[in-house]
Every structure is written in C-alpha cells, then in structure tokens.
Amino acid sequence: LAPRAAGAGAYHPAIRFLKRYTPGYLGFRVDALPRQYWELLFPLPWWREIEAYSQLREVDPYLVAALIRQESEFNPGAISRARARGLMQIVYPTGRRLGRSLGMTRLSVNQLYVPDTCLRLGILHLRRVLDQYDGKLELALAGYNAGEHRVDRWKTQFSTADPAEFVENIPFTETRGYVQAVLRNAALYRKLYGS
C-alpha cells in the first residue's frame, strides 16, 4: 500500500500506512529494515526546492524535511485546526506578511497549498525564528509550532541554557513532542540521506 501511495505522489498516506502497521518502527536500527521502508517513512519530495530555498536562507535542508514531515507528512493540502495550511503549515496572516517581504503582494489563501510557495514562505519563516532565538534550534522549533510570543514568555519562566531542559519544561505536551520529533526526524534524514 505504501509504495503504491508514494508512487502516486500521496506521501502522507504512505507514511500513515507504515506507521499504522509498524508502530514500533522508531525502535529499529536503520540497518535492521529495508532501505525502501525508511525512504517511504522519511521521503524527500520537492527536494530540489527544499534544498534551493534552504541554501538561500542558510537553513539545514534535512531540518526542513523533518519539520515538513511533522507538520503535514508532505501533504500539500493539509490544513490544521488552527487554519495553518500546506506543507509547512503557514497561517494566512503570517503567509501574507512573509509574502509581502518577498514581493508577493497578492498572496491568496489557496497559494499556501502550492508546494513551491509554501516552501519559500515556510523556510523564510523558519530562518526568521532561528534568527530571533540566536540559532537555538529548540527555541526556534517551539516558536514555529506554538508561536514566538509563547516562547518569549517561557524564556522568562525557565532557563534556556540547557536545550534538553528547556524542551522538558515546555508546558504544552503537543509542542514538547513536536520539538522532540522534529529533532529526531532531522537526525534520521541526515543518517539516511546525508553524505
């Protein structure tokens, strides 16, 4: 089922099939399962665009792939409860603001579903959040998921000196799990595809 779905460009059902029928896959070593299995679980569609926009913004492309996998499972039509849209789950007001900075003066909501547009905006947003938190990855990912205003508040409540401790103190279970998952995904992407 998974190869058939991925072959048709439906990466999110492929990922979900494998997650559903092998729930403990993260407990396996990479060399314990066939390569195709991992490539279906951690695909790289739109890799040229991810790599190009990541290079432009000086962001790790494997981090971007990891974030997309967590945000939308590579479903360009994804929409969240918070009305975030597309591969990188951009909310329209943020997308419009980012778009204006790129000269996209007439960005519509529907354009957030276009992979190239969402990647351009999402990678720029990730770069800005990374800059806002001096490259501290855990803070930036928490800000991408829960909003920078929340991370700014959390910074006043507990120390950010130890990244692991910061993550453990995140009061939102969803955001705490999100940060941990994106970091784990990025490590797996580097292991699978890095040179």
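Let's start with N185, which counts as buried, at 0% relative accessibility. Do keep in mind as we go that this is a predicted model. You'll find N185 in helix α11. Which residues touch N185, once we leave aside its neighbours within four places in sequence? They are F42, A66, R69 and Q70.

Stay on α11 for a moment, since R190 lies in that helix too. R190 is partly exposed, with a relative accessible area of 35%. Leaving aside neighbours within four places in sequence, R190 is in contact with D60 and Y62. Here's a distance to try on your screen: R190 and P171 are 19 residues apart in sequence, and their C-alpha atoms are 29 Å apart in space.

There's another arginine I'd like to show you, R57, and this one is found in helix α4, residues 47–57. With 23% relative accessibility, R57 counts as partly exposed. Beyond its neighbours within four places in sequence, R57 is in contact with L102, I123, L124 and R127. From R57 to N75 we have 18 residues in sequence and 23 Å in space, C-alpha to C-alpha.

Now for the interior. The largest nonpolar core has 61 residues, and those with the most contacts inside it are M88 and F166. Which helix gives the most to this core? That's α7, with 8 residues. Let me zoom in on M88. Setting aside its neighbours within four places in sequence, M88 is in contact with V64, L67, I68, E71, C118, L119, G122, I123 and Y144.

That last contact, Y144, takes us to α8, because Y144 is among the buried residues of that helix. In α8, 8 of the 10 residues are buried, so this helix is largely enclosed by the rest of the structure. The buried ones are E138, L139, A140, L141, A142, G143, Y144 and A146. What do they pack against? The partners are α5, β2, α7, α9, α10 and α11. Just after α8 comes G147, with a positive phi of about 105°.

Let's compare that with α6, residues 92–101. In this helix T94, G95, L98 and G99 are buried. Looking down the axis of α6, the buried residues fall within an arc of 130°, so they line one face of the helix. As a reminder, an α-helix has 3.6 residues a turn, so residues three or four places apart point the same way. On the other side of α6, P93 and R100 are exposed. The cover over the buried residues of α6 includes β2 and α7. After α6 comes G103, and again we have a positive phi, near 85°.

Those positive values were in glycines, so let me turn to two that aren't. Most residues other than glycine have a negative phi. E73 has a phi near 55°, a positive value in a residue other than glycine. You'll see E73 in the loop between α5 and β1, and it is buried, with a relative accessible area of 10%. In that loop we also have S72, which is buried, with a relative accessible area of 5%. Apart from neighbours within four places in sequence, S72 is in contact with H12, A78, G86 and L87.

The other case is Q89, whose phi is positive and near 50°. Q89 is found in the loop between β1 and β2, and at 10% relative accessibility it counts as buried.

Q89 brings me to my last stop, the pocket. The largest pocket has a volume of about 860 Å³. Of the 33 residues that line it, the closest to its centre are E71, S80, Q89, N145 and E174. We met E71 before, as one of the contacts of M88. Which elements each supply at least two residues of the lining? They are α2, α5, β2, α6, α8, α9 and α11. And how do the lining residues divide by character? The split is 9 nonpolar, 13 polar and 11 charged.

That's my tour, and I'm happy to go back to any view you'd like.

Conventions:
Residues numbered from 1 in each chain as written. Predicted model: local features only at pLDDT ≥ 70, side-chain atom pairs only at ≥ 80, totals over all residues. Heavy atoms only, no water. Buried < 20%, exposed > 50% of the residue type's maximum accessible area, 1.4 Å probe, protein only. Helix = DSSP H or I, 4+ residues; strand = E, 2+ residues; numbered from the N terminus. Arc of directions from axis to C-beta. Contact = heavy atoms within 4.5 Å. 1 Å grid on protein atoms, 1.4 Å probe; cavity = no way out; pocket = protein on both sides within 12 Å on 5 of 7 lines; lining within 4 Å. Points joined across faces, edges and corners; volume = space filled by probe spheres on them. Nonpolar A, V, L, I, M, F, W, Y, C, P; charged D, E, K, R; others polar. Core = buried A, V, L, I, M, F, W, Y, C linked by side-chain atoms within 4.5 Å.
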